[in-house]
Amino acid sequence: MALQFHPTTFKFHNSPSFALPRSHQLRSHRVFMASSTFNVTSQEIGKDRKPYMPPREIQVQKMHSMPPQKLEIFKSLEAWAEQNLLVLLKPVETSWQPQDFLPDPASEGFHEQVKELRERTKEIPDDYFVVLVGDMITEEALPTYQTMLNTLDGVRDETGASLTAWAIWTRAWTAEENRHGDLLNKYLYLSGRVDMKQIEKTIQYLIGSGMDPGTENNPYLGYIYTSFQERATFISHGNTARLAKEHGDIKLAQICGTIAADEKRHETAYMKIVEKLFEIDPDGTILCLADMMRKKVSMPAHLMYDGKDDNLFEHYSTVAQRIGVYTAKDYADILEFLVQRWNVEKMTGLSGEGRRAQDFVCKLAPRIRKLEERAQGRVKQSSPLPFSWIFGRELNV
């Protein structure tokens, strides 16, 4: 899964609120997005704080929004899913594993290999490590993402070992994704550059908190969401690979690039599902695409918390934007890419409501870019902030 952002709301004429990078209100280098929420005061947050969860916003949740008759669409696509999704999975015996990229603990040269790894990471700046840690924590919250997929009506794994193509895909996708957090976690542990206990606390908080992406148990919304998220993750890991290479750690660049390739393959699968839905039910699918974009694509780790910083997600996202790992431009680019990939602009035969949704979606990316341009003139001075992940060292946010 992908990046992580904090809610900031803009109003578009005749449309619900749309989240854009908070940079448009605060600083030009910030990006934050999340699901539709009601804002609450800090006093209310304190009153509701639980020891096993971070402070969080109160959300209005809508459930089971897909009309029951549309369940038949997903039942009818069982054979299609088997032929088009399962073929994108890699056999376990030929798949890469985290150990392929790490020092071999059974080797007599293990300590030398670790020493070499640490030498490579010595000169990598703290801001890169904060972003890499945030990406790793997002990957480690994988149980939440499998849970989300198993809330979707018509495609969930009903038994935990269901033999439907949809259920097999979800379990195998989870298994492939599981390697990402494992690999990054171990690499960061061996680097000695980060506070692993604080990171482990953050992971526990995040998994305990869960997520609400606004998918409403609706597979139309769910697969639109995952299409967006997988592409965002592909971009994010691709950029961490590029920066690792620039900082001289070729092995870390290889790690991030390998993870990015996985995300690209998974993106292909989810985009194919939505493409098929557009073919079968163009009106219903365009309405769901517009709905998801109006609500804002909530990022999986927007409830990130380390026990210290109530705005950790916001601060981490600021650093990610500043060093170019994931930016406001990327958000607009992803939307534009999906609109082109699904031929949204060229669709015909839609209802009046469908045409209005089509118009909204096709004009949205340029609107985002215009708002970003306006924000460039409202830059405020950054200030240093400690990050517990790097032993309390400060970075500008």
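Start with the whole protein chain: it has 14 helices and 4 strands. Helices (H or I, at least four residues) and strands (E, at least two) are DSSP runs, numbered from the N terminus. The model is predicted: local features need pLDDT of at least 70, side-chain atom pairs count only at pLDDT 80 or more, and totals for chains, interfaces and linings use all residues. Residues are numbered from 1 along each chain as its sequence is written, and side-chain values use heavy atoms, with hydrogens and water left out.

Now show the surface. The accessible surface of the protein chain is about 17,100 Å², and 51% of this belongs to carbon and sulfur atoms. The areas come from the Shrake-Rupley method with a 1.4 Å probe; for residues, only the protein chains shown count as cover. Of the 397 residues, 57% count as buried (under 20% relative accessible area, 1.4 Å probe, protein chains only).

Next, select Glu177, Glu230, Glu263 and His266. An unreviewed UniProt entry annotates them as "binding site". UniProt positions follow the numbering used here, feature names are shortened, and annotations may be inferred rather than shown by experiment.

Zoom in on glutamate 177, in helix H7 (residues 165-191). Glutamate 177 is buried, with a relative accessible area of 0%.

Move to helix H10 (residues 250-280), where glutamate 263 is found. Glutamate 263 is buried too, with a relative accessible area of 0%. Add histidine 180: its side chain joins that of glutamate 263 in a polar contact of 3.1 Å. A polar contact is a pair of N or O atoms within 3.5 Å; within protein, one must be able to donate a hydrogen and the other to accept it, and residues adjacent in sequence count only if both atoms are side-chain atoms.

How values were computed: Buried means under 20% relative accessible area, exposed over 50%, partly exposed in between (1.4 Å probe, protein chains only).
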